[in-house]
Amino acid sequence: DLSDALSSYAAATEVPEPQIKNALNIDLAQLKQALERASIQVFYQPKIDLSTMKVAGVEALARWKNTQGDWIPPSLFIPLAEEHGLIGDLTLSLLEQILQDMNTWWEQGNYIPVAMNLSAKSLAEFNLANEIIQRVIRQGIPAHFITFEITESALVVDLPSALATISRLRLKGFGISIDDYGTGFSSMQQLSRFPFSELKIDRSFVHGAPERQYLRNILKSAIDTGIRLGITTVAEGVETEAELHLLKSLGCNQAQGFLLARPLPGRELLGWIERAAQSQTPYAKHLYPD
Ligand code: C2E
Ligand code: MG
Ligand code: MG
Ligand code: MG
């Protein structure tokens with residue numbers, strides 16, 4: 001339940017104490033209201049191609065500022081939405097925003113690939129895949145510009161339906177990424193059964209890897225796994241130059257993290273990309289709520 005989610009969140013110590021306390025006040029009514037008013041927004045965090053240092057795409061991240069003005073972390077409201085059968089509606093509402101933003105960027109000649117997170121429970125909803133496919137077709141955006149990120153641990157929730165949903169989306173041409181790779185317990189044999197196109201290495205193996213040999217070994221073996229499977233490797237949570245350098249030397253394809261860019265609102269993305277392209281370093285730090 002919510003208090004479980006909160007204590008594990010606090011244990012992870014990634015959110016300041018006051019924000020955790022405020023999040024205690026979120027309830028179902030507030031979440032429903034936010035859904036009705038479409039006040040849960042999408043922010044975009046750039047991913048950088050490590051061979052060109054150019055923007056390879058963006059990850060869409062749900063952002064909710066409640067009526068008191070507090071940012072509620074998605075790791076709190078996504079499980080709440082899942083628990084109360086609202087995850088399908090939320091996912092489709094976020095997808096609509098993403099497609100609108102992509103449309104705006106396309107009209108200006110920027111064909112930016114977008115990755116969207118799909119939660120464990122939504123994978124079990126057969127109709128969600130249909131709805132997603134229809135909406136994307138309606139917007140006229142080719143499927144290969146969109147990748148769905150699915151956490152490794154989501155696969156164990158309901159393997160057959162997850163496999164069905166993932167295969168349907170992959171067959172339509174969408175990219176499929178294993179998110180938080182390394183935190184689940186999938187074997188090479190299990191992974192090879194899934195039609196993944198990308199492996200996204202969890203930040204717990206990235207952050208601190210330059211200083212710790214065991215992390216560096218795990219990181220190397222994850223990147224090598226991606227290479228052996230013939231799929232794109234992306235490292236999340238890159239916070240230092242040393243981490244970026246290490247990832248390049250290990251042959252990782254893309255990097256994402258606060259060193260490169262914070263998640264930012266859709267209307268600011270094109271400006272950011274332009275500034276990043278002009279700056280002396282090929283990337284720039286920006287401060288946005290995360
Ligand atoms: P994720 O998909 O692994 O997303 C990456 C998370 O790491 C994001 O947290 C992002 O803000 C954060 N991050 C990015 N760079 C760095 C860094 O350098 N250092 C650190 N410490 N963190 C970094 P966020 O936005 O709080 O999202 C947390 C999780 O919530 C996501 O993890 C994802 O699983 C889920 N989530 C977010 N948006 C959605 C959504 O629209 N739908 C679903 N189903 N899940 C979502
Ligand atoms: Mg993700
Ligand atoms: Mg991730
Ligand atoms: Mg993660």
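This passage walks through one helix, one strand and one metal site of a predicted model. Because the model is predicted, local features need pLDDT of at least 70 and side-chain atom pairs count only at pLDDT 80 or more, while totals for chains, interfaces and linings use all residues. Residues are numbered from 1 along each chain as its sequence is written, chains are lettered from A and ligands numbered from 1 in the order in which they are written, and side-chain values use heavy atoms, with hydrogens and water left out.

A good place to start is helix α7, which spans residues 126–139. Helices (H or I, at least four residues) and strands (E, at least two) are DSSP runs, numbered from the N terminus. Leu128, Ala129, Ile132, Ile133, Arg135 and Val136 of α7 are buried, where buried means under 20% relative accessible area, exposed over 50% and partly exposed in between (1.4 Å probe, protein chains only). Looking down the axis of α7, these buried residues fall within an arc of 165°, so they line one face of the helix; the arc is that of the directions from the helix axis to the C-beta atoms. An α-helix has 3.6 residues a turn, so residues three or four places apart point the same way. On the other side of α7, Asn127, Ile137 and Arg138 are exposed. The buried residues of α7 pack against several elements, including α5 (87–107), β5 (146–151) and α8 (159–171), with contact meaning heavy atoms within 4.5 Å. Just after α7 comes Gly140, with a positive phi of about 75°.

Next up is strand β2 (residues 55–65), which is mostly covered, with 8 of its 11 residues buried. Two strands pair if DSSP finds at least two bridges between them. β2 pairs with β1 (residues 40–49) in the antiparallel sense over 9 bridges, and Val55 in β2 sits opposite Ile48. The hairpin of β1 and β2 has 5 residues between the strands, and Met53 there takes a positive phi near 60°. β2 also runs parallel to β4, joined to it by 3 bridges; Glu59 has Ala115 in β4 as its bridge partner.

Last comes the magnesium ion (ligand 3). Its protein donors are Asp179 (OD), Asp180 (OD) and Glu236 (OE), 2.0 to 2.4 Å away. Donors are N, O and S atoms within 2.8 Å of the metal (3.2 Å for Na, K and Ca), and water is not among the atoms, so sites may look incomplete. Asp179 also bridges ligand 3 and the magnesium ion (ligand 2), which lie 3.8 Å apart. Asp179 is buried, at 5% relative accessible area, whereas Asp180 counts as partly exposed at 21%.
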